[in-house]
Amino acid sequence: MRAAVFVDAGYLFAQGSVLLTGSRQGRELFTLDIPSVIKSLQDVTTAKTGLPLLRIYWYDGMRLGRPTPEQSTLADSNDIKIRLGQINSAGEQKGVDALIITDLAQLARNHAIRDAVLLSGDEDVRVGVMLAQEFGVRVHLLGIQPARSNQSRSLAQEADTTTEWDKATVCTFLSYSPPSTPCVAISAAAATGLDAQIEPLVAALAPNVLAELKVAFASSDQIPHEYDRSLLQVGRQHYGQPTLTASEREVLRKAFVRLVGNK
């Protein structure tokens, strides 16, 4: 028999950023070392189950209906099967929990696995744990320190075992690169494809509005409310979260001002 790993990427990035920086940060500020995270997941699986790995299931949300470069790289990697839900207009991840629940239940029902390692904190996946256990699968819940404050208590109670990654472990596969200057922030926006998502907003501006904004931005980076509201909507879709951090808003606004200036 084998063991499978189920990774909620939203939880990994959100809680990993809190552990490394003290607060939730945007994904564009982090680099994921894919071989290292695979090794860390394999190590946990070996330690908790002693079984060979079936595969790692990686769950995340698609932004604008297509995989990010990072998600595509993960899909190309050995031992990983990527499962993608959607990011809605409010920046909320949709369909990911259902994918986790379905895969847990199906693999257990088909006797494809004896143990499951689950990296998540969401209460909604508890039903998947219960279904898998009904078919004799032991579920090992993996969290990110401090798991007691970022995982559902009932989910942890349902699991057969619990463990957590500390900062030293998370640092082996997740690294933080904060923007130190406006140039770095601009580079981050371009590197993550944010420019391409803002471009339609700029292209939709009437010529007279574009001219007025160029004049205004020559002396101030203040974006009029009606355009800033649409810009923040793009940001919520891009970052996959309903509330943006100060650094995320700064990257968005600087990119918008720059793209307007380039027209």
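The paragraphs below walk through the nonpolar cores, one pair of helices and two buried residues of a predicted model. Residues are numbered from 1 along each chain as its sequence is written, and side-chain values use heavy atoms, with hydrogens and water left out. As the model is predicted, local features need pLDDT of at least 70 and side-chain atom pairs count only at pLDDT 80 or more, while totals for chains, interfaces and linings use all residues.

A good place to begin is the inside of the protein. The largest nonpolar core has 29 residues; such a core is a set of buried Ala, Val, Leu, Ile, Met, Phe, Trp, Tyr and Cys residues joined through side-chain atoms within 4.5 Å. Here, buried means under 20% relative accessible area, exposed over 50%, and partly exposed in between (1.4 Å probe, protein chains only). Leu 12, Leu 32, Leu 41, Trp 58 and Trp 165 have the most contacts inside this core. Several elements give two or more residues to the core, among them strand 1 (3-8), helix 1 (9-21), helix 2 (34-49) and strand 7 (138-144). Helices (H or I, at least four residues) and strands (E, at least two) are DSSP runs, numbered from the N terminus. Helix 1 gives the most, with six residues. A second, separate core of 21 residues includes Leu 205, Leu 231, Ala 255 and Val 260.

Next comes a pair of helices. The axes of helix 4 (residues 96-109) and helix 5 (residues 126-134) come within 8 Å and cross at roughly 0°. Axes are lines fitted to C-alpha atoms, for helices over the stretch in contact, and angles run from 0 to 180 degrees between N-to-C directions. The two helices, helix 4 and helix 5, are therefore roughly parallel to each other, a label for angles under 35 degrees (over 145 is roughly antiparallel, 65 to 115 roughly perpendicular and the rest oblique). Where they meet, with contact meaning heavy atoms within 4.5 Å, helix 4 brings Ile 101, Leu 104, Ala 105 and Ala 108, and helix 5 brings Val 127, Gly 128, Val 129, Leu 131 and Ala 132.

Two single residues complete the tour. Gly 143 lies in strand 7 and counts as buried, at 0% relative accessibility. The C-alpha atoms of Gly 143 and Leu 12 are 8.5 Å apart, although 131 residues separate them along the chain. Gln 25 sits in the loop between helix 1 and strand 2, and at 14% relative accessibility Gln 25 also counts as buried.
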